[in-house]
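Welcome, and please get your viewer ready. We will move from stop to stop, and at each one you will get something to select and a short note on what is there.

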Amino acid sequence: MDDKNNKVNTLHIKDVPMVKVHSPNQEFLQEGSFVQFEDQSLVSPESLSIKKHSFHDPVRRSLSSCGSENSVVMGNSVAESIRIVVFSAKINLLIPFGPLAIVVDKFSGHNGWVFILSLLGIIPLAERLGYTTEQLACYTGPTVGGLLNATFGNATELIICVYALRSGMIRVVQQSLLGSILSNMLLVLGCAFFAGGLANSKREQVFSKGAATMSSGLLLMAVMGLLFPAVLHSTHTELHFGKSELSLSRFTSCIMLVAYAGYLVFQLKSQSNLYHPVSEGDGQIDVPSNDDEEAPEISKWESIVWLSILTAWISVLSEYLVDAIEGASLKMHIPVAFISVILLPIVGNAAEHAGAVMFAIKDKLDISLGVAIGSSTQIAMFGIPFCVVVGWIMGRPMDLNFQLFETATLFITVLVVAFMVQEGTSNYFKGLMLVLCYVIVAASFFVHLDPTAIADKHPKPSN
């Protein structure tokens, strides 16, 4: 009876091209071999013809999301999707702190506790935002995937900045954006280099020097855009006092937005091969094989829905977080500059931090750089000028004068990272140096008294 079944199954698959089934537990179907299927429809020519296309072709990848290979993913129920996204990570135990922050704000109004609870509540949301972005990136190429990670990873910071800008907290916006760049370039990239170096300690990891050099150049351009308004203000050489600085900032912001748009066209269209991973040894472009692809756990549309839900919930908590910053600074005796530059970006960068470290451990360092340095580039060339334009629309005098202390810190950071990535290799010691540099920056802002900070200008008596 078994021989009969084998003959029947063999008849069904003998005229079908032999393909590799993309699954960790399945092997190549070689010529002359046969596989027993309980359901004969599993070996239909239509289903197998979809599986044989490469997942590195963007068109084929999008088509294959509707194929039989991802049929299980597409068939996720609402309960299963909630289980995967909400209950699969231990860090989600912090999610209840978000609603608790709202309750504390309504009934006690204790700004210190509201700030801490909101901060803890946003951490798992930012991490899950990174997870769903990673799932969505499975349906795109590595370049678009890195862009998606950087965009939605920075959504938390941009949402916080818009709420702070609406409340007139311009220095909080400036320092939070600056802190996002410093956190990504030193802490996130440093941890990625460190973890990847330890996981692959027998050799140096390699990445694309072209992409790293291009990002470093853009970051230096952003430093130049921030430096001139700060120097103009400090030297008191404005043509029209109080107006020239703001006008220069708005003009420079528009130029930076144009430059970033050109960078996106260059990255995605003109020179997309510059951002492909490189192989170890000869440094040539390495086209990944199908073995390197991991099947997503949720479908493309599930990822989009979860991205919308998480972004909306982060927006709600960000409003409570921003409103509690002043009171928390006074209650906990922590400078507003330290909260804005260190604490807020660490929470907002949780998605990039987790994703960059994970990819570095898996020896996908190009993706780690795309997330860490790419995120810094996006904040510097898009996030900062975007907030200047939004402030312009709101009637807020948001400018590029980040003060000399902050601008000098950014300049030194960009130089340090540029020297670290110029060779196109990484190891755990480079990561350790970057992390220690971030510790020095954090200590500097802890003892830095910002004369224009909110708490310094309008001190409130503590209860």
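Where does H333 lie? Select H333 and you will find it in the loop between α14 (325-332) and α15 (336-348). Before going further, please keep in mind that this is a predicted model.

**Stop 1: two residues with a positive phi**

Stay with H333 for a moment. Its phi is positive, about 55°, although H333 is not a glycine. Turn on the surface and look at H333 again: its relative accessible area is 68%, so it is exposed, the cut-off being over 50%.

Now select D363, in the loop between α16 and α17 (365-394). D363 also has a positive phi, near 65°, and this residue too is something other than glycine. With a relative accessibility of 30%, D363 counts as partly exposed.

**Stop 2: the whole chain**

Zoom out and switch to a cartoon view. How many helices and strands does the chain have? There are 20 helices and 2 strands. The chain has 463 residues, and 49% of them count as buried.

Show the surface of the whole chain. About 22,100 Å² is exposed, and carbon and sulfur atoms supply 65% of that area.

Next, think about which parts of the sequence touch. Take the contacts between residues at least 6 apart in sequence: 80% of these join residues at least 24 apart. We will visit some pairs from separate places in the sequence below.

**Stop 3: where two helices cross**

Select helix α6 (residues 97-107) together with helix α13 (residues 300-323). Their axes come within 10 Å and cross at roughly 35°. The crossing of α6 and α13 is left-handed.

Which residues make this contact? Show side chains for G98, P99, I102, D105 and K106 on α6, then for W313, V316, L317 and Y320 on α13. Sorted by class, the contact of α6 with α13 has 6 nonpolar residues, 1 polar residue and 2 charged ones. Try colouring the selection by class to find each group.

**Stop 4: a tour of salt bridges**

The structure holds 5 salt bridges. We will visit some of them.

Begin with R83 and E80, whose side chains meet in a salt bridge at 2.8 Å, N to O. Both belong to helix α5 (residues 78-86), and because they are 3 residues apart, about one helical turn separates R83 from E80. Are these two residues buried or partly exposed? R83 is partly exposed, with a relative accessible area of 43%. E80 is partly exposed as well, at 29%.

Now select E406 and R171. Their side chains also meet in a salt bridge, again with 2.8 Å from N to O. This pair links distant parts of the chain: E406 sits in helix α18 (residues 404-421) and R171 in helix α10 (residues 170-199), 235 residues apart. Is E406 buried or exposed? At 1% relative accessibility, E406 counts as buried, because the cut-off is under 20%. R171, at 9%, counts as buried too.

For one more, pick E423 and K430. They form a salt bridge in which the closest N and O atoms are 3.4 Å apart. The two partners fall on opposite sides of the cut-offs: E423 counts as exposed at 51% relative accessibility, whereas K430 counts as buried at 10%.

**Stop 5: pairs to check with the distance tool**

Go back to helix α10 and select L198, which is found there. L198 counts as partly exposed, with 47% relative accessibility. Add N427 to the selection and draw a line between the two C-alpha atoms: they are separated by 7.8 Å, while the residues are 229 apart along the chain.

Finish at M358, whose place is in helix α16 (residues 350-361). M358 counts as partly exposed, at 25% relative accessibility. How many residues separate M358 and S368 in sequence? They are 10 residues apart in sequence, and their C-alpha atoms are 8.2 Å apart in space.

**Looking back**

To retrace the route, return to H333 in its loop between α14 and α15, then step to the left-handed crossing of α6 and α13. From there, go on to the salt bridge that joins E406 and R171, and end with L198 and N427, 229 residues apart along the chain.

Definitions and conventions
Residues are numbered from 1 along each chain as its sequence is written. This is a predicted model: local features need pLDDT of at least 70, side-chain atom pairs count only at pLDDT 80 or more; totals for chains, interfaces and linings use all residues. Side-chain values use heavy atoms; hydrogens and water are left out. Helices (H or I, at least four residues) and strands (E, at least two) are DSSP runs, numbered from the N terminus. Buried means under 20% relative accessible area, exposed over 50%, partly exposed in between (1.4 Å probe, protein chains only). Contact means heavy atoms within 4.5 Å. Accessible areas come from the Shrake-Rupley method with a 1.4 Å probe; for residues, only the protein chains shown count as cover. Axes are lines fitted to C-alpha atoms, for helices over the stretch in contact, and angles run from 0 to 180 degrees between N-to-C directions. A crossing is left-handed if the near helix is turned anticlockwise from the far one by less than a right angle, and right-handed if clockwise. Ala, Val, Leu, Ile, Met, Phe, Trp, Tyr, Cys and Pro count as nonpolar, Asp, Glu, Lys and Arg as charged, and the others, Gly among them, as polar. A salt bridge is a side-chain nitrogen of Lys or Arg within 4 Å of a carboxyl oxygen of Asp or Glu.
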